[in-house]
Amino acid sequence: HVVVVSVNYKTADVAMREKLAFNDQEIENALVALSNKKSILECVILSTCNRTEVYAVVDQMHTGKYYIQSFLADWFDQSLDTIKAYTNVLTENDAVEHLFRVTSGLDSMVLGETQILGQMKDAFQIAQTEVTTGTMFNRLFKQAITLAKRGHHETDIASNAVSVSYAAVELSKKVLGKLDNKKALIIGAGEMAELAVANLNGSGVNDITVINRTVAKAEALAMQYKGVAKGINELQCSLMEADIVISSTSAEHYVLTKEMMQDVERFRRNKPLVLIDIAVPRDIDPAVNDLDLMFNYDVDDLNGLVDANLAEREQAAREIELLIAKEIDKHEEWVNMLGVVPIITALRDKASHIQQDTMESVERKLPDMTERERKVISKHMKSIVNQLLKDPITQAKELSTDKKSKE
């Protein structure tokens, strides 16, 4: 039986998810410890900022679920009742569908994000290294990874911005074209600013300046992307050199005023500047829109872009769901076939022994046969055996997929 026990952003807030997250250094030990529990035949552990999930093959469903949840309770020093309250348990085809959806990005907080695919691949590889996977998961996880790659390749699930920070970068591309040789200025050094820097860097921007009131924070962010950190006193000079400005501070008043930007515009010599304000309350005075060469966008503008792109992703997600349904059928057919493999193997072994015994009997009774005669008789015997086996093997395979035969 396949079972998944999941703590995710739908079942638990970030404070609880933090308590139930494995760090990278303990995953191997956790896998080994879990695999030694009663009923656990195979297991994979996925742990990210948004989810901690245990995938397992168990010999008894009820017992398996209990030992997975008690394992999590012991490992994280929580009560079993707490674990039960914050976990979602799925079994059989529901568990398989969940694996496919998670790997394809359909169950992510940001629909269609691709990072989860790499995280699932890493989780599977670690489990393989620790030898906690076997016949079932070695096939199932490869199937899930292949399906996710296909979904990303055949649909637009990951091609449109659905986060504000990523939308800011996409908007910059629409105004300025390619960003390879552009200079970016980030005002602020918090989480949104960090996401903006990461997305700019991923779009080819290598010249990044981070300005923050606390210079140490600016330095910490800039260092990750080989950027430059400056203090707030250098803001106006930096504005004169930038092509893109993304502002995300917690300031109570405008960081960029119309008067300041008028001065900047005079020194820029007709060079356009894209200003993107992802702060709430806003960092950039809306009156900056009156300036001819200042392209100023706020969160509402970005949200409009995000909403349109999300609709496109949802259409792509529906296409992937159709692929998932077909893959679940393939998995079920394969699992059912596992049950008749020993029967087919036994039939073939029995037939092979009969053929061999019969051939030895023929050779004893006809000792003067030539080598060619032996080969001809042996070949025809094999042909007869294969023909006799054909119908029983076909029927066994058909019975494995016939639901009525299991009732």
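Trainee: What radius of gyration does the protein chain have, and how does that sit against a compact globule of 407 residues?

Mentor: This is a predicted model, to start with. The protein chain comes out at 31 Å, whereas a compact globule of 407 residues would be near 22 Å. Along the principal axes, the C-alpha atoms take up a box of roughly 110 × 55 × 35 Å.

Trainee: And what is the chain built from, in helices and strands?

Mentor: You get 15 helices and 10 strands. As for burial, 43% of the 407 residues count as buried. The exposed surface is about 21,800 Å², with carbon and sulfur atoms supplying 49% of it.

Trainee: Contacts next: among those between residues at least 6 apart in sequence, how many join residues at least 24 apart?

Mentor: That share is 70%.

Trainee: Now helix 5 and helix 6. Why are they called oblique to each other?

Mentor: Look at the angle: helix 5 (residues 92–104) and helix 6 (residues 115–129) pack at about 125°. Roughly perpendicular covers 65 to 115 degrees and roughly antiparallel starts over 145. An angle of about 125° fits neither class, so the pair is oblique. Their axes are 7 Å apart.

Trainee: Which residues make that contact?

Mentor: Helix 5 brings L99, V102 and T103, and helix 6 brings I116, L117 and M120.

Trainee: What makes the contact nonpolar or charged, going by class?

Mentor: Five of the residues are nonpolar, one is polar and none is charged. Thr is not on the nonpolar or charged lists, so T103 goes down as polar.

Trainee: R101 is in helix 5 too. Why is R101 called partly exposed?

Mentor: Its relative accessible area is 22%. Buried needs under 20% and exposed needs over 50%, so R101 lands in between.

Trainee: What does R101 touch, leaving out residues up to four places away in sequence?

Mentor: L106, D107, E321 and I324. V210, for its part, is 109 residues from R101 in sequence and 37 Å away in space, C-alpha to C-alpha.

Trainee: Then Q355, in helix 13 (residues 299–365). How do you know whether Q355 is buried or exposed?

Mentor: Set its 16% relative accessibility against the 20% cut-off: the value is under it, so Q355 counts as buried.

Trainee: And which residues does Q355 touch, with those up to four places away in sequence not counted?

Mentor: S378, M381, K382 and V385.

Key:
Residues numbered from 1 in each chain as written. Predicted model: local features only at pLDDT ≥ 70, side-chain atom pairs only at ≥ 80, totals over all residues. Heavy atoms only, no water. Axes fitted to C-alpha atoms, helices over the stretch in contact; angles between N-to-C directions. Helix = DSSP H or I, 4+ residues; strand = E, 2+ residues; numbered from the N terminus. Contact = heavy atoms within 4.5 Å. Buried < 20%, exposed > 50% of the residue type's maximum accessible area, 1.4 Å probe, protein only. Rg over C-alpha atoms; globule rule 2.2 N^0.38 Å. Areas by Shrake-Rupley, 256 points an atom, 1.4 Å probe, with all protein chains shown as cover.
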